Every structure is written in structure tokens, then in C-alpha cells.
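Dear colleague,

Here is the structure I promised to pass on to you. Please look it over at your leisure, and read the notes that follow with the coordinates open beside them.

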Amino acid sequence: MKHFLGLTGLLLMLGLSTSTAGEPAGNCNGSSDDAVHVTIIYDNYQADQSLQTDWGFACLVEFQGNQLLFDAGRKAELYKRNVELLGIHPEEIPALFISHEHGDHTAGIPWITQVNPAIKCYLPAAYAEQLEKRGHLPPHSKGLAKPAHLYGPFYSTGDNFEAFREQGLVVKTENGGVLITGCGHPGAIPMVEVAEKELGIEIHTVIGGLHLMRKSREELEQLAATLKEMGIKHICPTHCTGDASIAMLKESFGDGYISGGTGKEIIIP
């Protein structure tokens, strides 16, 4: 199932294909049009009936030939099955980005690194430290505490947030950027602020879990109003956002709301 976003007059910046020292150069086998493609591999909501759902999150992110796997779900076999049914080839993808340490985002890591031993693993610095102490740090791993450029159009917010050590992925486009969150434990607003202030990227779209299950309607209304003031035009709240919170954000963003779900392909032109 595909969802196309019509952003009037929006042209996207050419994603860089060269790498910085020691970083992956990207993969030209992915989507090469001028749009950000986000394909949800793992989610507790369902968009494609042929795929299994479960509590957790993972997606494939593509922009102008550059590819990156984001998070890895809660059950490795379910993640693997959905990846195969979606026709995704982890062995050809240069990087895996893990948002945070929770088990509903990390189960597929061993399988991914097995089928692609050369894959670069971008981890929150706090999680990388934990894995290293346990002797489970994947090869070619990099812990990220501060905002950083990864390769091509991909950036990390770093995990240095007061509320929780989680990193968000930013895909840079000519008109700004797309922020992808695993659970959004630090809060959507602080993560957008880091992208804008530290990375200099104005965010126009937020996709992923937002962890708003315990928020009141008043708090959700204030959140939506603030995000709009910050320039957020489109939002896809899924995974741990909560049914009532998703309904509220849908009401607030109107045509700017995007539904999530396993198998959903979001295309941002």
C-alpha cells in the first residue's frame, strides 16, 4: 500500500552518493526518483494483509539511490519474513540505524548482521556502550551521542536527550527534512529542535512512534499546535503513539495526517 504526499512545488535535494571516511557510500539499487520512500517493515498496525503485525517498529528508508534500514522489530523471524515478502535485500543495504535499546526495535540485528557482515550499524551511544560491555556489539558499529552526518542524505540527532537516550533519523531534502523516530521517548519537539538547531535542517514531516499514550487531550492539542508552528506539515504517528493520540493528531493535521502500518510505503515527493 502506497501513500503519496503532494507537497506543492517541493523539489528534493540530490542525495550525496560519496561517503565520508569510513562511512558507507550508499546503494544505487534503491529508489532513485526525487522522493523519500519509507516502507514500514514492522508495526503493530497493519496496512498490507499479507504481512504479519506485532508490537514493534522497523522500516526501510530510501532517497535517490541511498538506502538505510531503520530499527529491527521485536521478533527476528517475523522481521525476516516481512523483509522477504516485501522484496527487501538486507545484504545489499549499507547501513542499519537503531533508534534505541528496547527489544521491540532490536530483535532483527543478529540476522541482519549475519546476512550482511559488512553493514554499518549506527547505534545510540548509550546502547553501544551496553552492547560492548556484554560482548554483543555488532562489527562496524558506531555509537552516536551528538548530532551527526552519517552518509548521503542521512543524519542522526544523536542520543543526548535529557528524557531518554534515543536517536532520531533525519533525511535531508532540498526543502528541509523528514524525521523518523522509533518511539520518540525524548519527545517529538526536542527531536525536531535538535534537527533544526544542531543540524540546520528544517523538518517538514515526522514518521514513527511518538509514545503519547498517557498524554491528555490538552497536551496533545498543544503538541500538535507547537509542531505546526515549527513547520511540520505531515505526520505519520504509529507504533507506540496510542490509538486515542493517533486519532487526535489525525483530527489536528487533517490532510497532513498519514496512516502507518506494516507494509505501508510512504512517498514524500
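Why is there no bond between the sulfur of cysteine 183 and the closest cysteine sulfur? The closest one belongs to cysteine 240, and at 3.4 Å it is too far away for a bond, given that a disulfide is taken here as a pair of cysteine sulfur atoms within 2.5 Å. Seen from the other side, cysteine 240 is likewise in no disulfide, with the sulfur of cysteine 183 as its nearest cysteine sulfur. The count of disulfides by this rule is zero. Cysteine 183 is buried, with a relative accessible area of 3%, and cysteine 240 also counts as buried, at 1%; the word stands for under 20% relative accessible area, whereas exposed means over 50% and partly exposed lies in between, with a 1.4 Å probe and protein chains only.

Before going further, please keep in mind that this is a predicted model, in which local features need pLDDT of at least 70 and side-chain atom pairs count only at pLDDT 80 or more, while totals for chains, interfaces and linings use all residues. Residues are numbered from 1 along each chain as its sequence is written, and side-chain values use heavy atoms, with hydrogens and water left out.

As for the chain as a whole, its secondary structure comes to six helices and 14 strands, where helices (H or I, at least four residues) and strands (E, at least two) are DSSP runs numbered from the N terminus. Of the 269 residues in the chain, 58% are buried. Among contacts with a separation of 6 or more, 68% are between residues 24 or more positions apart, a contact being heavy atoms within 4.5 Å. The chain exposes about 11100 Å², and carbon and sulfur atoms supply 48% of that area, as computed by the Shrake-Rupley method with a 1.4 Å probe, where for residues only the protein chains shown count as cover.

Two loop residues deserve a look at their backbone. Aspartate 71, in the loop between strand 4 (66-70) and helix 1 (76-85), has a phi near 60 degrees, a positive value in a residue other than glycine, and its relative accessible area is 0%. Histidine 239 is placed in the loop between strand 13 (234-238) and helix 6 (243-253); its phi, near 50 degrees, is positive as well, and this residue is buried at 1% relative accessibility.

Turning to the rings, there are five aromatic pairs, counted where ring centres of Phe, Tyr and Trp (its six-membered ring) lie within 6.5 Å, with planes under 30 degrees apart called stacked, over 60 edge-to-face and the rest tilted. One of them is stacked, namely phenylalanine 70 with phenylalanine 97, because the centres are 5.5 Å apart and the planes are at 15 degrees. This pair links distant parts of the chain, since phenylalanine 70 is in strand 4 and phenylalanine 97 in strand 5 (residues 95-97), 27 residues apart. Phenylalanine 70 has a relative accessible area of 0%, as does phenylalanine 97. Tyrosine 151 and phenylalanine 154 form an edge-to-face pair, 5.3 Å centre to centre with 75 degrees between the planes. Ring pairs also link Phe57, Phe70 and Phe97 into a cluster.

Finally, lysine 228 lies over the face of phenylalanine 253, at 5.3 Å from the ring centre, under a rule that asks for NZ of Lys or CZ of Arg within 6 Å of the ring centre and within 35 degrees of the ring normal.

With best regards
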